[in-house]
Amino acid sequence: MLTNHLIVGLGGTGGKIIRAMRKRIYQEFRKENPENISIGYLYVDSSPEMMGLDDPTWKILGTSVQLGKASQLLIKGSNLKDVMDNIEMYPGIRPWIGDRNEWQDIFNSIMGDALGGQKRRLGRFLFATNVDKFNTQLQERAKALQEAAKISDITFHVCCGVAGGTGSGILIDTLCQIRSLYPDPRKYHILAYTLLPDTHPPRGWDTGNYHANGYANLMELNALSVGKYMPYDVTGKKQRLSLSDPFNGCYIFTNENENGMIVDVGNELPGIVADFLYQKIMDGNNWDTLRRMENAENGDGSPETEPGTKIPARSKRFLTFGIKRLVIPEEEILEYLTYDFASQASLQLLYNNWQEGLGFFNESKSQDFNEYVRQKEVLERWKITDDHLCLSYGILSEDISNKKWKSIQNEWQDVMVNFKLIIRESDKKTWLDELGKVCGKRFVEDFRGVGVKIFYNTKLKAKRDIAKELRKKIELELFDELRNGVKSINDITRLIDAIISYNAERLNIIDDKMMKLKNQEQVIQEKVNANYNEWTRVGFIRSAFGKHDKIFDSQAISLCDLYMARTWIEAWAFGKPLLSEFISEMTDLKSEVDMAAKTLKEAIEKFEDSLSERCSDEGTLNMKKHIIRFYQPKMVKETGAKLAKDDSVQKKQAHRVRAAISGKLGNNPSFKTFNERISTSVFIDLLENECEEEVRITHDNYIQNPKEKLLGVNIIEKLKEEYRGDPLALQAYVADLIKHAGNYLSFSSIEKQKRGLGLSSAQSAVSMFTVILPKTPEHSDFVSIFKDAIQKGHPGDKEILELPKKPNEIILVSITNLFPLRYLGILQFLKEKYEQRINGKDSSRAKLELHTEGDESLFPNLFVPSSGEVIKEGLPYFLIAKSMGMIMEGKNQTTGLSEVIMVKKDEYGFVSPVYLGKTITDVADNLDMEKAYFLKNEVDTKLKSGEYLHVDKREPIRKLIEAELLSLLNTYGFGDIYNRFLEGARKAAIILKGE
């Protein structure tokens, strides 16, 4: 049956757990929200660090699993000083925020967007100013789950660390607001997951309250569970919240398991918690033991009480866990091969240098691009011949399609033929003059409709467009060759360098070309002038013999050469800036290609780093990790190397990658578009996605031997292969597995062994070891042997579940519940750090920072008091009771000796004596827990009665205590006895004042 789960992450630790959980789900299903899981998220933090939509830490195999804004709540924008200045207007904050003077010296540091800063009460303040948003978003997330799954029940998983200010500071209110909104604990389970501070945190993590926060939080969680802490409603709509079962259970864990295995808090632990959550959510419907333990149904979940009373003191609704996964690391193997493929595809794009037996090589091929760019057919194809640069031939499409355009040479040669034919029809005497006139007019007015100078001056204004057209043509060709795998980015870079270099040479000799043309123009002009002179000297007779015709033909040739030279002079005057503009465009293209190359190089570096991080362990030998990889890393790397050297495999997948890149660039691909649309991260994501799919296809098609397969392998089958016929070796392996699979929490054996009043006589710290196997009926014979090895390897309670799940892993889970917090091995250390903080010179400020409201006196002691603490706590009540006349001296009816006696009434009103000791000083030495709590309860009852409510009624009691203290001084002097009673008297005075 589908069930609803809403994971609420508080602070940085909570956010990391959500991130790890979403990555785990994506790894398993290749989608964020698989059909068979009804799961939602709400991440609450005072820092936006992990909330960015482009945050790369949320990516896995090229896909971001970042939460949408509806699942994020940034609690910021709250100015404590402004609130304190108008505190009466904030009923949800006023009762608990504390003395304004205590906050005075930190106002300046939290103006505007305040952060938790290891100040728990400040974290609570931030939550209180955003509580309406929290409740709204929580209910929206819950409603979305309920409507999608068509079931109302929800389990809320609240995850946080308790060392900081945000997660630790808002945990209590988060639990209370959820329970207030969803009050039925049977339909709406609330489970907390709290990470305790590590004993030796990384440098910079402990800014003063690190460990003390952990202890303060545990005090409040315990008090909340037993009903001793009813926090003020931060919404301001109610007063104190009296909640039934504020949480069903609270997991407590550290970064060190009971077998001494330490994991990194920031990187590894969130993944461990996510694995545990994932297993619970995925297999919860088939895991009845887990459900019963989380609801404390597997034993007595009643809290420990104050001695001799039924007053709850220490909750037992706490749990801890340990998890180990024995896996064939299919995800990691897939990632390794994916990054190997991605690296090869990137190298093909960057260098395209295939080396037989090596794959695509990480350096360029030897090619002479300088010779290539000088080839006539290349220059003509790219339209950068001299004729093109001088617009003898058209470059822009409209110029090319203009049928009236002719090359400069053809223009003057063809027009001269026409001129000659027309002029020969006129008076012969005017032939030379007319020919000069029409040629001049053609040059000045009619060349391409406007004349040579105007034509080139006009085109000069369009030189940038023309240069861009040249660039576009070359770039399209190069990009097409890149897309088809003909050229690499590096080839293109070197080719463009050669283009720039060659055209820079051409640019440098243009002035010489123009000088030669001008010299040529002068020589031709002299020929033209000579023809004019000779024309005038020709007489009738010579004309009759065709002399004028010969001179006319000669002049036509000279004028054609003259105006051709003049046109080329103007053409090169245009061609020079065009060539300069073209070089600039190619230089810009080079920078775009260089940028694309940089993207590829960064990606290759990332892929190589990712490769080195994967499949680098010792396989089955490393038991210390929470994920034990049952595989052969060497075999993975050998397979990866074999595939990397196969040209058909790599060229096929490189083609797939190039096609995917082209798809990103649209119909007009360019290197600028590449850089605009494909950043390093986008490129990496794209290759990860494409190469992962190609790896799966290649693996299934390429590897035929079942023993060589790396993906889709059954772990039971692999174990069977490894340990077939050797049950003793299997037992040893399983025993080693179990030995390293412990809870992430150590218990104090001294605390567990304590017995006495108020301490539960029922079994506590109940453990269950669960092994979850993939259901594999085809290997039932080996499964029976494996189960037997588990039975022999674990001495305690255990269960083995066979579930239809992924075949490549076995899960080992240890859960312990029904223990009070005093069992925690780290608790004494946290208490010492807490007491150092609250007993320091800034005691009142420390208490305000550490607790969400009040101070330590508001919450029950997490430890059972020692005999010394009992006497110290009970002595003030003894002095008050004696001064009230509740203590008398009389004979012990059993011994006949004189003793200090107090009378108590039973439930029927009958009195009986309680013997406290032989003398007053004997009481101070031997007061036990039962008698101390009896004294306290009797005195508290008396003080709350009408007889002693008024302060005037209590002053006489104080004076009698003062007299008693003076009597002891006269008897014993200023010694140990007097000092002990003096301390008791001072505390008695405080009790009488009601402080």
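Helices here are DSSP runs of H or I with at least four residues, strands are runs of E with at least two, and both are numbered from the N terminus. With that settled, here's a quick tour of a predicted model. The protein chain holds 37 helices and 20 strands. Its radius of gyration is 45 Å, well over the 30 Å that the globule rule gives for 995 residues, so the chain is more spread out than a compact globule. Below, we go from the overall picture to two strands, then to some individual residues.

**The chain as a whole**

- Along its principal axes, the C-alpha trace spans about 180 × 80 × 55 Å.
- Buried residues account for 54% of the 995 in the chain.
- Take the contacts between residues at least 6 apart in sequence: 78% of them join residues at least 24 apart.
- The accessible surface comes to about 44,700 Å², and carbon and sulfur atoms own 49% of that.
- On the charge side, there are 137 positive and 142 negative side chains, and the centres of the two sets sit 2 Å apart.

**Strand β6 and its partners**

- β6 covers residues 154-161, and eight of its eight residues are buried.
- In a regular strand, side chains alternate between the two faces of the sheet.
- In β6, Ile-154, Phe-156, Val-158 and Cys-160 point one way, while Thr-155, His-157, Cys-159 and Gly-161 point the other way; all are buried.
- One partner is β1 (residues 4-10), which runs parallel to β6 and is joined to it by six bridges. Within that pairing, Leu-6 stands opposite Phe-156.
- Another partner is β7 (residues 188-195), again in the parallel sense, this time over eight bridges. Here His-157 of β6 stands opposite Leu-191.

**Strand β15 and its partners**

- Further along the chain comes β15 (residues 766-774), where eight of the nine residues are buried, so the strand is largely enclosed by the rest of the structure.
- β15 pairs with β17 (residues 809-819) in the antiparallel sense over seven bridges.
- β15 also pairs with β16 (residues 798-803), but in the parallel sense and over six bridges.
- Thr-770 is a handy landmark for both pairings: its bridge partner in β17 is Val-813, and in β16 it stands opposite Glu-799.

**Where distant parts of the sequence meet**

- Met-219 belongs to helix α7 (residues 210-226). With a relative accessible area of 5%, Met-219 is buried.
- Met-219 and Phe-859 are 640 residues apart along the chain, yet their C-alpha atoms are separated by 6.3 Å.
- Leaving aside neighbours within four places in sequence, Met-219 is in contact with Tyr-834, His-851, Glu-856, Phe-859, Pro-860 and Leu-862.
- Now look from the other side: Leu-862 lies in the loop between α32 (843-850) and α33 (867-883). At 1% relative accessibility, Leu-862 counts as buried.
- Leu-862 has contacts beyond four places in sequence that include Tyr-215, Leu-218, Met-219 and Asn-222. Also among them are Arg-314, Leu-821, Arg-822 and Leu-827.
- Leu-862 and Glu-220 are 642 residues apart in sequence and 9.9 Å apart in space, C-alpha to C-alpha.
- A shorter-range case is Phe-125, which lies in helix α4 (residues 120-128). Phe-125 is buried, with a relative accessible area of 0%.
- Phe-125 and Ile-170 are 45 residues apart in sequence and 8.6 Å apart in space, C-alpha to C-alpha.

**Loop residues with positive phi**

- Most residues other than glycine have a negative phi, and that's the backdrop for the next two.
- Arg-448 has a phi near 50°, a positive value in a residue other than glycine. Arg-448 sits in the loop between α16 (431-446) and α17 (452-461).
- The burial cut-off is under 20% relative accessible area. Arg-448 has 15% relative accessibility, so it counts as buried.
- Cys-615 is not a glycine either, and its phi is positive at about 55°. Look for Cys-615 in the loop between α22 (547-613) and β14 (627-629).
- Cys-615 has 1% relative accessibility and therefore counts as buried.

Technical notes. Residues are numbered from 1 along each chain as its sequence is written. This is a predicted model: local features need pLDDT of at least 70, side-chain atom pairs count only at pLDDT 80 or more; totals for chains, interfaces and linings use all residues. Side-chain values use heavy atoms; hydrogens and water are left out. The radius of gyration is taken over C-alpha atoms; the globule rule is 2.2 Å times the number of residues to the power 0.38. Buried means under 20% relative accessible area, exposed over 50%, partly exposed in between (1.4 Å probe, protein chains only). Contact means heavy atoms within 4.5 Å. Accessible areas come from the Shrake-Rupley method with a 1.4 Å probe; for residues, only the protein chains shown count as cover. Lys and Arg count as positive and Asp and Glu as negative; His and the chain ends are not counted. The place of a charge is taken as NZ of Lys, CZ of Arg, CG of Asp or CD of Glu. Two strands pair if DSSP finds at least two bridges between them.
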